[in-house]
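Trainee: Could you take me through a close look at a single part of this model, slowly enough that I can follow each step on the screen? I would like to understand how that part is placed and what it touches.

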Amino acid sequence: MSRSRKSYATNGHGTRRGPEKAVIAAVRLPKQRRWEVEESLEELAGLAMAAGATVVHRVIQERGSPTPSLYFGSGKVEEIAEAAKAAGGNLFISDDPLSPIQERNISETLGIKVIDRTALILDIFAQRARTAEGKLQVELAQLTYLLPRLVGQWSHLERLGGGIGTRGPGETQLESDRRVIRRRVMQLTRDLEHVQSHRRLQRTGRRRSGVPIVALVGYTNAGKTTLLNRLSGSRLTAADKLFVTLDPAARLVEQGPRPFILTDTVGFIRKLPHELVAAFRATLEELQDADVIVHVVDATHAAVEEQMEAVERILVELEVLHRPTVLALNKIDRMDHAPALDALAARREGVGISAVTGQGLPDLLKAIDRVLPVSGAITLRIPHNDGAALALCYERGRVLGRVDEPQHVVVDVELPPAWAGPLAGYRVLN
């Protein structure tokens, strides 16, 4: 699919025929609940529309297990072929991962292009990547996904038969393509290692500032960027779409009891391609440096619990689930029934907020402040002529008490370790 705003098919001569018309399908296995499969297929439809396609038909097949050659049953694939022809479909999207062989076999049966959810998500990321870093990460994920699928790309050049003397130009081209892709993957990996080093320096700089770091995580379209904008006064792009934010952002938040740096990262999704998690590891390492994680949830979504579990699975993979976490139940301005929100908040110990209206944000900031690490309260006796030291207590710490004396100001203050040291000369030992 094209990287333009909409995806267009061509007639073989480069002439656009309009948006691609997609048939989407999923297999429901015995252990899966039907509503979960329906919800996943609905999400797939949203992904297809985000990529610029129009969904013209949906299929759910119930099977004991996928078939090795087609994933779906052969009879169901024939039905899909008829439905695609009747609806004018020119693209088939599977909600489940397809092996290269399954993808090839389905395509031959349907006579149209076939992709799976992973390829669709990669296409959306390719459309949305704006920075050089984002493009590097997306290209690496795409090439990693493409490499095992090169077989069959040159079948029209292959010679029939086997053995000596039948090594045709198609196989030669295949090996050549593999070498080119492997070299490019190695180059991208090296480039991303430089990005990783640069990000490490940035994080070190933020650490030296003594300001604690809070990271936003959540399912795609949960409202993380809107929340960051609301708390920091930024104007980063936020929209009611899937995967609007790919590149991380860091902004200073000074609204709460203590200032902190708030970072935003790419949104997660069920069945997030492993290639993306690996390629975006340099970006996602921002989470590993956070003092606190704020898990932003769309409290209005029907599958809110499943979305939360999907995010938590990725946090486990990134080894950051143990970090202090605050659950932000977003979009409460859209909720009609307060009891449903109260039940969810009680079950998950969350804070109800609206990033759009600002409702509940003071409670969220208090919840964040409660779990931010501190070095413990210390007593400082600061002379009046050192106003900078006193200002530092208010800007970088939390002042618990203050007594003004003729020559000094005595403050009880909680400070991050990085700032407690420079003020150690004013410390009053009990």
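Mentor: Let us begin with Phe92, whose relative accessible area in this predicted model is 1%, so that Phe92 counts as buried, the cut-off being under 20%. Phe92 does not sit there without a partner, since Phe72 and Phe92 form an aromatic pair with 5.7 Å from centre to centre and 80° between the planes, an edge-to-face arrangement. Phe72 belongs to the loop between strand 4 and helix 2, whereas Phe92 belongs to strand 5 (residues 91-94), so the pair ties together parts that are 20 residues apart in sequence. Phe72 is buried as well, because its relative accessible area is 0%.

Now follow Phe72 to its other ring partner. The structure holds two aromatic pairs; in one of them, the rings of Tyr71 and Phe72 have centres 5.5 Å apart and planes at 75°, and therefore this pair is edge-to-face. Taken together, Tyr71, Phe72 and Phe92 form one aromatic cluster. Tyr71 is found in the loop between strand 4 (54-62) and helix 2 (74-87), and because its relative accessibility is 11%, Tyr71 counts as buried. The backbone of Tyr71 also deserves a look, for Tyr71 is not a glycine and yet has a positive phi of about 70°. You can find a positive phi elsewhere in Lys331, which is likewise a residue other than glycine, with a value near 70°. Lys331 lies in the loop between strand 11 (325-330) and helix 11 (338-348), and with a relative accessible area of 9% Lys331 is buried.

Let us return to strand 5 and ask what lies beside it. Strand 3 and strand 5 pair in the parallel sense, over four bridges, and Leu91 in strand 5 is the bridge partner of Ala22. Strand 3 (residues 21-28) is itself mostly covered, as six of its eight residues are buried. Strand 3 also pairs with strand 4, in the parallel sense and over eight bridges, and here Ala25 stands opposite Val59 of strand 4. When you trace the chain from strand 3 through helix 1 (residues 34-50) to strand 4, you are following a right-handed β-α-β unit.

It helps to keep a general tendency in mind when looking at the packing around these strands: in soluble globular proteins, nonpolar side chains tend to be buried together. In this model the largest nonpolar core has 48 residues, and those with the most contacts inside it are Ile93, Leu120, Phe268 and Leu287. Among the elements that each supply at least two residues of this core are strand 3, helix 1, strand 5 and helix 5. Apart from this core lies another one, of 23 residues, which includes Leu227, Val253, Val351 and Leu364.

Helix 5 (residues 132-146) lets you check a length for yourself: its 15 residues, at 1.5 Å a residue, should span 21 Å, and the end C-alpha atoms are 21 Å apart, so the two values agree. Several residues of helix 5 are buried, including Leu136, Val138, Leu140 and Leu143. Glu139, by contrast, has a relative accessibility of 24% and therefore counts as partly exposed. Glu139 forms a salt bridge with Arg184, their closest N and O atoms being 2.8 Å apart, and the pair links distant parts of the chain, with Arg184 in helix 6 (residues 169-208) and Glu139 in helix 5, 45 residues apart. Arg184 is partly exposed too, because its relative accessibility is 31%.

Helix 1 carries a charged contact of its own, one of the 16 salt bridges found in the whole structure. In this contact Arg270 meets Glu43, with the closest N and O atoms 3.5 Å apart. Arg270 lies in the loop between strand 9 (260-264) and helix 8, while Glu43 lies in helix 1, so the pair ties together parts that are 227 residues apart in sequence. Both partners are covered: Arg270 is buried because its relative accessible area is 11%, and Glu43 counts as buried because its relative accessibility is 9%. Finally, look for Arg28, Arg34, Glu38 and Glu62, which are linked in a network of salt bridges.

Conventions:
Residues are numbered from 1 along each chain as its sequence is written. Side-chain values use heavy atoms; hydrogens and water are left out. Buried means under 20% relative accessible area, exposed over 50%, partly exposed in between (1.4 Å probe, protein chains only). Rings of Phe, Tyr and Trp (its six-membered ring) pair if their centres lie within 6.5 Å; planes under 30 degrees apart count as stacked, over 60 as edge-to-face and the rest as tilted. The expected span of a helix is 1.5 Å times one less than its number of residues. Two strands pair if DSSP finds at least two bridges between them. A crossover is right-handed if, with the strands pointing away from the viewer, the path from the first strand over the helix to the second runs clockwise. A nonpolar core is a set of buried Ala, Val, Leu, Ile, Met, Phe, Trp, Tyr and Cys residues joined through side-chain atoms within 4.5 Å. A salt bridge is a side-chain nitrogen of Lys or Arg within 4 Å of a carboxyl oxygen of Asp or Glu.
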